[in-house]
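Me: I've got a model open here and want to go through it with you. Can we take it one question at a time?

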Amino acid sequence: MVVFATPGMLHAGLSLQLFKKWAPNENNMVIMPGYCVTGTVGHKVLSGAKKVEFENRQVVDIKMSVQYMSFSAHADAKGIMQLIRHCEPKNVLLVHGEDKKMEFISQKIVSEFGQT
């Protein structure tokens, strides 16, 4: 499964929730799509941290694969489609964007890859 989720620095929201859940599993991967500010979870992960401690003293082991890819968070449909073709995921979950544009890219993914 591929999840496009903001914020990219893993400091809040869905991306951080999924990171905490998926990080301990070595079968998972996170692709960091750009610069991460020092002090953010994203920066720690890109710097090779094997564990991350959160404010509530929760410690998450990082066993997942961590990759960096220069990719704009403001990619257009063409860029997203290229990424999907390259990664060949079993599933794609779109979680952020304008309703009309999300519907457009969703239909484009279904028509090209035959998934619902």
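**Burial, cores and a pocket**

Reply: Sure, let's start with burial. Buried residues, meaning those under 20% relative accessible area with a 1.4 Å probe and protein chains only (exposed is over 50%, partly exposed in between), make up 25% of the 116 residues in the protein. Bear in mind that this is a predicted model, where local features need pLDDT of at least 70, side-chain atom pairs count only at pLDDT 80 or more, and totals for chains, interfaces and linings use all residues. Residues are numbered from 1 along each chain as its sequence is written, and side-chain values use heavy atoms, with hydrogens and water left out.

Me: In what pattern do the helices and strands follow each other along the sequence?

Reply: Helices (H or I, at least four residues) and strands (E, at least two) are DSSP runs, numbered from the N terminus. There are four helices and six strands. Along the sequence they read β-α-β-α-β-β-β-α-β-α.

Me: Which elements give two or more residues to the largest nonpolar core?

Reply: A nonpolar core is a set of buried Ala, Val, Leu, Ile, Met, Phe, Trp, Tyr and Cys residues joined through side-chain atoms within 4.5 Å. The largest has 14 residues, and those touching the most other members include Phe 19, Val 45 and Ile 62. The elements giving two or more residues to this core are α1 (13-22), β2 (29-32) and α2 (41-46).

Me: And which residues are among the five in the other core?

Reply: That core lies apart from the largest one. Helix α3 (residues 77-87) has Gly 79, Ile 80, Met 81, Leu 83 and Ile 84 buried. Among the five core residues are Ile 80, Met 81, Ile 84 and Ile 109.

Me: What is the volume of the second largest pocket?

Reply: On a 1 Å grid over the protein atoms alone, a pocket is an open set of points where a 1.4 Å probe fits, with protein on both sides within 12 Å along at least five of seven lines; lining residues have an atom within 4 Å of a point. This pocket's lining includes Leu 10, Lys 20, Lys 44 and Glu 53. Grid points are joined across faces, edges and corners, and the space filled by probe spheres set on them comes to about 180 Å³.

Me: How many disulfides does the structure hold?

Reply: A disulfide is a pair of cysteine sulfur atoms within 2.5 Å. Cys 36 is buried at 5% relative accessible area, while Cys 87 is partly exposed at 35%. The number of disulfides is zero.
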